[in-house]
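Visitor: Please give me a close look at one part of this model, the surroundings of the ligand. Which residues come nearest, and which element gives the largest share of the shell?

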Amino acid sequence: MLSLQNQIVLITGASSGIGASCAKIFAQAGAKLILAARRFERLEELADRLGKEFSASIHLLQLDVCDRTQVESSLQSLPEPWSNIDILINNAGLSRGLNKLQEGSFQDWEEMIDTNIKGLLYVTRYVVPGMIDRGKGHVVNIGSIAAYQTYPGGNVYCGSKAAVRAISEGLKQDLLGTPVRVTCVDPGLVETEFSEVRFHGDTERAKKVYQGLTPLTPDDVADVVFFCATRPSHVNISQVLLVPTDQA
Ligand code: NDP
């Protein structure tokens, strides 16, 4: 198992759910964390907790991954040693609405495409060259079962996650011959704020999503990310699909 002691790990979407769980498990293993998201106060609370619990060394970035200029300036102005990112976890993502395509909201579409596809591309574009230069690195993209299974109203979200899967595979090909690894982790249903965001804050509708089955927890997904990141450097787990036992 690879040691994560003092490894620098950038996690996007660290302010809740899967990203926050990844922060916890990597902090516990002695990694240094760059936590990025738009809700800065959430990041501060998390950093405070992880600092107390694990004496974690943490750098915070208030970052909207959709804003390419901001991504570039934030990542290119990282002070030493934070600029030497060893592991990138592209986790920031969301779904908006569950509408038929012919009735869809342009704003919802743009938000999903800008966050799930373009945001992931921007961050990757500014991080991976440094990994190649330093001769080590690992990119972990959080995709979704939605890349494999389309469901009613899931059209654009499913398309965005199918893109994450293809981009992960494409990046892996582009990095052949370098030591940089690429993994796409595709979870099924996970109980997080995701459904609340999807339904624009309608908590009652969000809760119904989890009725009748036991969803994954964000820690279940973080465990898998951690497992992939700690394999020996000649092992690349390129794809993982993990679903609740109850989910078809
Ligand atoms: P959460 O809503 O709990 O977390 C989403 C995270 O993404 C938040 O930290 C949010 O932070 C961040 N985020 C959203 N938009 C942006 C942005 N423009 N810039 C920076 N950060 C952003 O949901 P999950 O933890 O469930 O979602 C994490 C990932 O897992 C997503 O990619 C999602 O698609 C994927 N996934 C989730 C599943 C589920 O059932 N929950 C199933 C399969 C995949 P902030 O708002 O502070 O910016």
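Guide: A residue is near a molecule if its C-beta atom, placed from the backbone, lies within 6 Å of it. The model is predicted: local features need pLDDT of at least 70, side-chain atom pairs count only at pLDDT 80 or more, and totals for chains, interfaces and linings use all residues. Residues are numbered from 1 along each chain as its sequence is written.

Around the ligand there are 31 residues, of which Gly13, Gly17, Arg38, Arg39 and Gly93 come nearest. Two or more residues each come from α1 (17-28), α4 (106-134) and α6 (194-198), helices being DSSP runs of H or I with at least four residues, numbered from the N terminus. The largest share, 3 residues, is that of α1. By class the shell has 14 nonpolar, 12 polar and 5 charged residues; Ala, Val, Leu, Ile, Met, Phe, Trp, Tyr, Cys and Pro count as nonpolar, Asp, Glu, Lys and Arg as charged, the others, Gly among them, as polar.

α1 also packs with α8 (residues 218-229), at about 55° and with the axes 8 Å apart; axes are lines fitted to C-alpha atoms over the stretch in contact, and angles run from 0 to 180 degrees between N-to-C directions. The two helices are therefore oblique to each other, that is, neither under 35, nor over 145, nor 65 to 115 degrees. Gly17, one of the residues nearest the ligand, is also among the α1 residues that meet α8, including Ile18 and Phe26; in α8, the residues met include Pro218 and Phe226. Contact here means C-beta atoms, placed from the backbone, within 7 Å. This contact has 10 nonpolar, 2 polar and 3 charged residues.

Note on methods: Two residues are in contact if their C-beta atoms, placed from the backbone, lie within 7 Å.
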